[in-house]
Amino acid sequence: MFSGRRLHLDGPLLIGLLVLSALGLVVIFSASGENWSVMARQGLRLGISLVVMVAVAQVSPENLRRFSPHLFAVGVILLVAVLVMGAAGKGVQRWLDLGLVRFQPSELMKLGVPMVVAWLLTRSQVPPRFAIVLLALALTLIPASLVVVQPDLGTAIMLVVSGLFVLFLAGIRWQHVLMMLAAVTAVAPYLWFRLQEYQRQRILTLFDPWADPMGSGYQAIQSQIAIGSAGISGKGWLAGSQSHLEFIPERSTDFIFAVFAEEFGLIGVLMLLLLYLFVVGRCLVMAYHTRGTFSRLLIGSLALTFFFYVFVNLGMVSGILPIVGVPLPLISYGGTSMLTLMAAFGIIMGLHARRRLMA
Amino acid sequence: MAATQSFNRQPMEASVIRSRLRLAGLLALALSALLLSRLYVLQVSDYSRYQTLSLENHIRLQALPPVRGLILDRNGVVLARNTAVYTLQVIPEKVGDMDLLLHEVGKLVDLQEDDIAVFKKNLRRRPSFEKHLLKSKLDDVEAARFAVNEYRFSGVTLEAMLHRDYPLADLTGHVLGYVGRISEQDEARLDSAAYQGVSHTGKLGIESYYESLLLGRSGFEQVEIDAHGRTLRTINRESAIPGQNLYLSLDVGLQRIAREALGNRRGAVVAMDPGSGEILAMVSAPAYDPNLFVDGISRETYQALIQLADKPLLNRALYGRYSPGSTIKPIMALATMDAGVNPQERVFCPGWFMLPDSTRKYRCWKRTGHGSVNLHDAIEQSCDTYFYQTGARLGIDKMASYLFSFGFGKQSGVDLPSEPSGLVPTAEWKRATRQEPWYPGEDVITAIGQGFLLTTPLQLARASAMLASRGRLVKPTLLRRQENPLTGQAQETQVDALSEAPALAINEKDIEWVIRSMTAVMHGRRGTARASGRRSAYRMAGKTGTAQVVSIAQDGEYDAKSLRETLRDHALFIAFAPVDHPKIAIAVVVENGGSGAAVAAPIARKVMDYFFLKRLHRAALTGAFGVFG
């Protein structure tokens with residue numbers, strides 16, 4: 001892996017990612033009804049994302065840290081821009097049209113938030129003092145609140161979680177955690193009544209599938225039937241009758257795990273979980289052995305956020321969590337999330353590969 | 001931050017973070033175990049329950065597509081409707097040997113090559129677990145024959161569905177457009193939630209422009225079905241809401257007369273109510289049958305249509321761009337009067353015009369010349385020489401401002417998709433797009449509607465309506481009323497709010513003066529369209545135009561016979577009537593028709609006769625047709 005090292009890549013992690021992505025293509029082929037053009041498009045996205053990953057891995061850790069606040073500031077400005085333009089138009093507005101490409105600033109923030117919190121915490125000692133904890137929370141909540149009014153509750157939760165993971169890894173004291181929980185409990189009712197009626201309705205739907213039978217509720221029930229009817233060995237690739245015949249509108253994106261589980265059964269599910277655990281575990285080991293507090297915090301929090309994505313998606317598809325619009329990382333059809341993920345892995349590899357350079 | 005300080009606290013920080021990393025790893029393992037136990041419950045403990053659910057007893061949610069709104073003309077004649085038809089649908093995934101199946105089905109049902117070609121095209125494009133349309137509009141015998149044999153064909157179903165149908169076919173094809181199957185591009189554009197169970201969407205014309213009104217809202221039905229997909233019972237049902245019925249301002253009778261008057265020529269006729277802007281007729285010839293597109297058109301048929309030199313798919317009334325020729329002379333006359341020129345001032349026409357310091361001759365259409373003419377004579381006889389001089393005197397920017405205020409060079413705001421704006425050239429426009437200065441010779445030819453100037457038949461009709469209404473520019477509209485088919489609640493299109501104040505204040509006396517000259521065109525002793533104004537029961541005002549398609553060499557001779565047909569002049573005509581209280585304004589364009597007076601004006605006369613005589617002597621309708629039809 002000499003060339004890999006020169007490119008600041010990590011062999012085991014790269015192999016894990018490639019296997020997962022290839023598996024994703026296989027599942028998408030089935031979920032899309034054996035549509036070659038859908039698969040080709042996803043393959044192209046994967047290729048572009050890998051190029052971005054390699055490019056990001058070349059950024060030196062020092063530059064990454066130095067420019068974290070800049071990236072964060074740009075992200076906040078773009079989020080505000082999206083809201084302003086969205087107010088001019090109507091309905092949901094998450095995209096910024098840059099002429100050639102459409103770009104979702106909230107995706108940038110998935111990197112920006114953990115980076116800026118890690119940057120903030122390494123400016124003073126770790127574990128952080130309470131004042132720093134509050135500042136870090138503020139930096140997390142600003143972009144999250146900009147995203148939640150888009151409205152995109154799922155991504156907003158992910159942003160908050162990624163910030164909290166950095167704090168957790170930095171050794172935040174348990175009494176601070178308790179204080180935060182207490183504060184949230186105190187503020188929650190107030191926030192609830194500050195919401196518009198339709199926003200409240202939206203959140204309630206998350207917990208009561210039957211309130212929206214044409215949408216998420218129906219999906220939840222159908223996907224559980226699909227998963228459950230697979231048994232231990234599954235129905236076989238391309239043979240998932242429930243996924244193919246039933247009305248699951250998002251079977252290529254958020255609900256792709258239902259297709260996978262129906263066709264590959266519990267054995268496939270176990271393999272998939274192990275693959276994800278391998279990727280997350282490898283990243284945690286890299287965080288463990290790397291040098292520099294910034295690298296350690298950022299690698300660790302990106303890895304944990306990745307795992308959190310997997311957990312939330314599998315949890316919602318298998319019916320132990322409410323339906324939030326979170327794709328299954330590296331498997332679901334779609335470009336932006338794949339790009340962000342690969343950029344995150346690029347950061348992880350780059351930081352780890354040059355650990356000796358980081359004081 | 002000092003490097004040494006950072007270095008010193010490294011070990012302590014590292015141990016804090018490492019202990020948290022270990023904790024996080026354990027947490028991840030615990031959560032994975034939780035997921036795995038849930039999946040174990042689903043896939044192993046409850047396996048038989050879910051297997052039963054999946055095999056024997058589904059609860060399926062079926063979308064109930066809404067009924068698309070009807071489109072009717074102003075008198076309630078149905079232009080677009082939904083008829084119940086039998087269709088054959090195929091789920092390819094369930095079919096073993098597709099070719100064998102097609103062969104066998106073909107023995108029972110008349111399958112055309114086109115049907116199979118479209119079906120196979122969609123086969124590659126859409127997922128194989130979805131229903132694909134094999135054959136639409138089975139007749140009763142075919143439907144019955146297939147129904148008896150349906151058990152032999154797994155994956156093929158006979159379904160009754162509502163099919164969009166345009167009873168007047170090509171007569172209203174260009175205005176209505178058509179619906180077609182939702183394509184991949186449509187899917188990206190449309191809100192999938194609003195199109196549950198809907199297979200078609202408006203692609204062109206009114207069907208596309210008023211898609212949101214026509215669509216309605218899907219309902220859904222929760223049904224229990226058995227392993228064969230048969231419905232056992234309906235659990236829950238929310239009915240679909242049908243789309244709005246749209247009443248257009250078109251008068252199909254007038255539309256038909258205009259279409260017949262155009263005959264087998266290429267061209268367009270637009271007639272509108274000058275007071276309200278309501279479009280009464282909008283015809284483009286040749287036309288096509290929109291019914292061809294509803295179920296997908298085969299590549300061969302489509303290629304044949306687009307390769308025709310006559311371009312039947314093009315709605316010339318809206319998208320055709322033509323030099324207006326002399327039809328803009330009334331507007332130039334207003335501009336020159338506004339510039340202070342005395343309309344009685346006489347100009348000598350020797351049959352040509354020359355700019356000072358130039359030897360280039362600009363020819364009048366009448367080679368022997370009109371002699372001494374004032375503005376009135378110049379409009380009546382369409383003297384080019386007079387207007388050449390007007391153009392040289394006014395200059396392009398003054399002319400352009402008048403043309404803009406009559407609605408040229410910009411969209412009219414008509415309720416049809418992607419309306420072109422046409423082109424009114426200015427000196428600035430030419431500098432910006434061609435990096436060239438504006439030449440005086442271009443002033444000269446712009447004044448008789450040649451050169452860069454491009455107008456659409458709709459814009460010409462609108463300008464004619466503005467002359468008719470003495471300077472009020474209206475927005476042309478097609479939708480007159482929308483009606484909720486369930487409640488009968490109707491909503492009229494607000495006309496008054498749509499009209500625009502003129503950009504230029506036009507002198508009332510000047511416009512009456514110009515209208516007198518336009519009346520002389522129809523009824524005067526020397527009027528260019530006097531043959532079309534003769535013995536009419538009402539007074540008309542009009543203006544002929546003949547627009548060059550090729551430029552003729554300085555000493556060349558325009559000889560229609562020797563020119564290929566597609567290079568002959570376009571014939572144009574604008575008119576309105578009755579002169580004093582206009583009820584209809586019209587524009588006619590006949591491509592390569594030759595002279596506006598000889599070809600375009602008689603078409604307008606036929607349309608107006610129908611419009612007035614049908615109204616005035618409804619009883620004697622057939623008699624009137626004997627004379628004019």
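1. Two residues count as in contact here when their C-beta atoms, placed from the backbone, lie within 7 Å. Keep that in mind for chain A: of its contacts between residues at least 6 apart in sequence, 72% join residues at least 24 apart. Bear in mind too that this is a predicted model.

2. Staying with chain A, I get 15 helices and two strands for its secondary structure. The chain has 359 residues, and 48% of them are buried.

3. Have a look at α15 of chain A, residues 336-353. From first C-alpha to last, this 18-residue helix reaches 26 Å, close to the 26 Å expected at 1.5 Å a residue. How much of α15(A) is buried? The count is 16 of the 18 residues, so α15(A) is largely enclosed by the rest of the structure.

4. Now the interface. On the chain B side 41 residues are in contact with 53 residues of chain A. Which elements of chain B each supply at least two residues to the side that touches chain A? They are α1 (3-8), α2 (10-45), α3 (47-56), β1 (58-64) and β8 (219-225). The largest share comes from α2(B), with 20 residues. Sorted by class, that side of chain B has 23 nonpolar residues, 10 polar and eight charged.

5. Within chain B, check the pair α15 (residues 329-338) and α17 (residues 384-394). Two packed helices are described by the angle between their axes and the distance between the axes. In this pair the axes come within 10 Å and cross at roughly 50 degrees. Angles from 65 to 115 degrees would count as roughly perpendicular and those under 35 as roughly parallel, so the crossing angle makes α15(B) oblique to α17(B). As for handedness, the crossing of α15(B) and α17(B) is left-handed.

6. Who meets whom in that pair? From α15(B) come K329(B), M332(B), A335(B) and T336(B), and they meet F387(B), T390(B) and L394(B) of α17(B). By class, the residues of this contact are four nonpolar, two polar and one charged. As background for reading such lists, an α-helix has 3.6 residues a turn, so residues three or four places apart point the same way.

7. One last residue, Y439(B), sits in the loop between α19 (427-434) and α20 (440-446) of chain B. Is Y439(B) buried or partly exposed? Partly exposed, because Y439(B) has 13 C-beta neighbours inside 10 Å, and a buried residue needs 20 or more. Y439(B) lies 9.5 Å from I396(B), C-alpha to C-alpha, with the two 43 residues apart in sequence.

Note on methods:
Residues numbered from 1 in each chain as written. Chains lettered and ligands numbered in written order. Predicted model: local features only at pLDDT ≥ 70, side-chain atom pairs only at ≥ 80, totals over all residues. Helix = DSSP H or I, 4+ residues; strand = E, 2+ residues; numbered from the N terminus. Nonpolar A, V, L, I, M, F, W, Y, C, P; charged D, E, K, R; others polar. Axes fitted to C-alpha atoms, helices over the stretch in contact; angles between N-to-C directions. Parallel < 35°, antiparallel > 145°, perpendicular 65-115°, else oblique. Left-handed = near helix turned anticlockwise from the far one by under 90°. Buried ≥ 20, exposed ≤ 12 C-beta atoms within 10 Å, placed from the backbone. Expected span 1.5 Å × (residues − 1).
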